[in-house]
Protein chains: 2
Amino acid sequence: MTGRHPRSIATVCLSGDLTDKLEAAANIGFDGVEIFENDLLTFAGSPADVRKMAADLGLAIALFQPFRDFEAMPEPQRARNMDRAERKFDVMQALGTDLVLVCSNVQPVCIDDPARAAADLHEMAERAAKRGLRVGFEALAWGRHTRRWREAWNIVHRADHPALGLIVDSFHTLALKDDPSGIAELPGSKIFFVQLADAPLYNMDVLQWSRHYRNFPGQGQLPVTGFLKAVLDSGYAGPLSLEIFNDEFRAAPVRQTARDGLRSLILAEALASSSVPAAALPPVPDLSGIEFLEFAVNEPKRQELAEFLGTLGFRLAGRHRSKAVELYRQGAVNLVLNAEPDSAAAGHFEMHGTSVCAMGLSVSDSRAASRRAEALLCAGWNEKRGEGERALPALRAPNGSLVLLVEKAGGRPSLWEEDFHLLPSPEAEAGAGMLGIDHVTQALAPGQMDSFVLFYRAVFGLEPEAEVDLPDPQGLVHSRAMVSRDGRLRLPLNTSEARETATGRFVSAAAGAGVHHIAFLVEDAASTAAAMVGRGAPLLAIPENYYDDLEARFGLDAARLETLRSVHLLHDQDAEEGCFTHAYTTSFSDRFFFEIVERRGGYRQFGAANAAVRMAAQARYHARMRLRS
Amino acid sequence: MTGRHPRSIATVCLSGDLTDKLEAAANIGFDGVEIFENDLLTFAGSPADVRKMAADLGLAIALFQPFRDFEAMPEPQRARNMDRAERKFDVMQALGTDLVLVCSNVQPVCIDDPARAAADLHEMAERAAKRGLRVGFEALAWGRHTRRWREAWNIVHRADHPALGLIVDSFHTLALKDDPSGIAELPGSKIFFVQLADAPLYNMDVLQWSRHYRNFPGQGQLPVTGFLKAVLDSGYAGPLSLEIFNDEFRAAPVRQTARDGLRSLILAEALASSSVPAAALPPVPDLSGIEFLEFAVNEPKRQELAEFLGTLGFRLAGRHRSKAVELYRQGAVNLVLNAEPDSAAAGHFEMHGTSVCAMGLSVSDSRAASRRAEALLCAGWNEKRGEGERALPALRAPNGSLVLLVEKAGGRPSLWEEDFHLLPSPEAEAGAGMLGIDHVTQALAPGQMDSFVLFYRAVFGLEPEAEVDLPDPQGLVHSRAMVSRDGRLRLPLNTSEARETATGRFVSAAAGAGVHHIAFLVEDAASTAAAMVGRGAPLLAIPENYYDDLEARFGLDAARLETLRSVHLLHDQDAEEGCFTHAYTTSFSDRFFFEIVERRGGYRQFGAANAAVRMAAQARYHARMRLRS
């Protein structure tokens, strides 16, 4: 094998009718599809119409699926199943596909006899071969007698018919914690088809898990790469195909799912076949953090936000050479306020109001990073720029927001020096103690979590931490942090099906703009909070009861408690006695808010234990603001 | 015991802040609450403020919870835990509650020694007693060493302190399939508190199950009645309290959840203590089916709907004596079109458009049925009526729609004879073959399923069938049928988180009106469908591929297939070869639609196997209509 494998997707992964599904698969660049029988039965055109539509779109129909409960049935069902197979062969010929997926029988009456199963499949293959068709046999993880790939292989091997082969599926194999490595020893030509799916690790009934919670490779926690390596080592040359049953995918926009699917396949093949040039991707970017955050504003909001940032100790540090863009700075934090008309920011402001429209990431090689993003199907963006100004490669996140790639090269002037008139920095002005950006949290619409996890994992090599549930007074918020390997970039992602939670309210108000909260790292949270209060920053008020509980839980001394209490600081400790001290501002324009965080003793989390207190305080603030307006 | 037990609810069951929770609990009629610690920590007032608020509302604070990971810890945690307990005793005294819930330790470092656990709890109880407080110990189903009520009891018994008692929880007991019957043998005075929760039967990790999927007694599948009987047989005289962790409850309107909770407690106590008069309810009504369905219309829509019903073989059978209300009839089906201004129907039309505003159920004793509904917290309704017209007791379903109770008494004229000018029924007019109403399906907004299951179960004694997932092209629809014991009343309930499914579209378009589809029982679906087509009824077109598959699956003969195909009939069979033949109309005004169903050989289901075909056809029809408009 030197070329890449054909890429395919089962129609059951996608929402809409068969026309929507085939168009979306073709438009994003899949080579083929598996036709899920239900999608054909519910379709108003004939199988010949489907064949023509696929051909016009340049899609192969790689497989027809599934044929259920076939092998090892007693009579009269056995004879009836052979008739049923002939009817389905008619459909396959009309569709123009040569391969049918038979999944292992789940019926209680099915006979526990591999020889009988092999004989039945041999007869089916014989009938298929007469029409130039082929049969693939797959072990369902909840099959009656055949559950593992090796059991299915033994039956295929015993049946010994050229038109009968094995189909393997990463979910069925890995859900049972079965070892896929032996697949590498099979003759690749006897593997007729390969299905890939990932899933979060849930301790639940495997059938329910499979039917509702599968997701694309790279979105879950199964070791799909190891499975795929074994498959590729067998010499298998056929399609790699996605087969996902997922409640959210069924309801998601079909183009989003198709793009995520192909992105996941490209990544999976690259990870599993690092030695095959055709499958290779440019390397994961070397990231050193967030260089800047850019806010879309108009003129009144620019002024309002600048004042708000002033209370946090930021000062105006520069003006863009050719655009209505300002730089505010403190420590290593750069915040850009963009009020330029006819720009990406202006379009963003129009749709989302005052909000973060772009995130600038520092990378060592922006062109390589950009090539990787492009290979992984990210749309690019080129902002118009003035004479001599720097071109920043940009790409779009799944919700359309921009990620800009800022290259830091030794010797070269910085982006700010190149594009901005920088103001002199008064030695005496100390700011409030912000050192850098600790993390940036995005609020996603329901159904977008998997999409963002895959985006950050594939394009930037971030890894997802475990999901935590945060109890807002109006419902749960699910949170998952994407973190770079060296921990320098931390991007928590929040989502909530409940529409009145802090996350839900933001998603409606900001039309899914993304960045909901920005946390600055500080050396000493107490002195920073005090400095902020001194400058008039609106800190989120925390109830007294919280501090009484802190005393009971952690035995903090009275002076420390009084310090925390006086400037609305929250406190958490991890099992290794690492400490986290943090405070929040109220939200700006009912949108985003800021946090200051002090980390001690290797604390790595985000203070989830305090999220309920924070969200209840936000709900109170929100209710009070709503009453006023 | 002759009186009923105090009724309590844990604040964690309810959405909002502590003020919202206490107000909702008091307003619906709870006697007390358990204060969940997080609700106190996130509250802006002091414990004394909470005490005053509860007192002003007439609510007892029955318990403070939970105190975690207390017993059998090594030093120094043991000493620290005693300090922590003293701090929490301070809070309890300020709150004015005397009982704290200690749940069994889950920490890996906790010592596996019941004697040590007993000694620690004895010391805690001794400290509590000095302040006039009490400690209740409860086994968590996932506790480290104490998981079952008997293990917790053995520790309490060994500790032998008057201020230490047992707390039992139906979920923790029943989730482990533990036998609760031995609780009846305990001294009732040593049971300090009883928590009740139900849950659907999910085969999953018990901690996740408990944290996300509990629901109120009567909403799930656990044998809560048996548990509660054992508790009551012990002589326990304290509160019965609901403790539910449920993602949907967290986001649901607080008053809805409070009402459902109290309804479930009233029912649970009545079921478990049938011999106690104070807990008794009027009996479950003797239902004989749906006497009528009433549609809210205005004048143009009345005419349009009357014409639509005409194509289904309905004819005008009567006019109301004093109101702008018409009766359409066929077989035993009565459909009422209500265009009366200033009526409940007019209010319904204003809010929901043309839709079913009331369902009339035939009962043998309408006053008893009404008393039961009232005892179960259903709001009543009295429509104004003309001189000599029948008073129909009415109650509101959880979404506000009306259920009218129509008494059929031997000898008495029917409702129709009393209140309507009936038109002579022409002997020759045969209709299209509708015999009666087979089932009526309601579409519920997400989060309403449990509420409706409890309503129909408690008030009318219907039982829920297993939930099925129906694949719409735009997402899953979850369906659960509520069926009377004799099968004469069948009310499927559908819900969908996906907003573009048939169910989701209806819920938005009709603002949660409820009835989405009405199925008529017929003798011969083929001839009825043909008669409907002859009258111009718009049948929902079914794809050819569906019939090809029917042939392959069931081996139907060519003539039968041709009949089905010609009038868009769908076919299903159950395992006992019972047959179901059915067809659908397109929807009226993009709202409700009708179905005809023929049942043979004891088929009891609703043709779920064909739902995907139906919903795909509806999506196509909807898209076409939208294009036209």
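Which side chain of chain B meets A:K88 in a salt bridge? Select A:K88 and B:D549 in this predicted model. Their side chains form the salt bridge, 2.6 Å from N to O. The rule finds two salt bridges across the interface of chain A and chain B. Polar contacts come next: 18 residue pairs, both members at pLDDT 80 or more, make them across this interface.

Now colour chain A by element. Those that give two or more residues to the side touching chain B are α2 (37-41), α4 (77-95), α8 (206-213), α10 (247-251), β20 (468-472), β21 (475-483), α19 (544-554) and α21 (611-628). Stop at α19(A), which supplies the largest share of that side, six residues. By residue type, the side of chain A that touches chain B divides into 18 nonpolar, 11 polar and 13 charged.

Widen the selection to the whole contact. Chain A brings 42 residues, and chain B brings 42 residues. Between them the chains bury about 3,500 Å², with 55% of it on carbon and sulfur atoms. Pick out A:L41, A:T42 and A:N545: this trio supplies 17% of the area that chain A buries against chain B, more than any other three residues.

Finish with the symmetry. A turn of 180° with a shift of 0.0 Å along the axis lays chain A on chain B, at an RMSD of 0.0 Å. This is therefore the relation of a two-fold axis. Centre the view on A:M204, whose C-alpha is the nearest to the axis in chain A, 2.0 Å from it. Both copies use the same surface: 100% of the contact residues of chain A recur in chain B.

Key
Residues numbered from 1 in each chain as written. Chains lettered and ligands numbered in written order. Predicted model: local features only at pLDDT ≥ 70, side-chain atom pairs only at ≥ 80, totals over all residues. Heavy atoms only, no water. Contact = heavy atoms within 4.5 Å. Buried area = accessible area lost by both parts, 1.4 Å probe. Salt bridge = Lys/Arg side-chain N within 4 Å of Asp/Glu carboxyl O. Polar contact = N/O pair within 3.5 Å; in protein donor to acceptor, adjacent residues only side chain to side chain. Helix = DSSP H or I, 4+ residues; strand = E, 2+ residues; numbered from the N terminus. Nonpolar A, V, L, I, M, F, W, Y, C, P; charged D, E, K, R; others polar. Least-squares fit on C-alpha atoms with pLDDT ≥ 70 in both.
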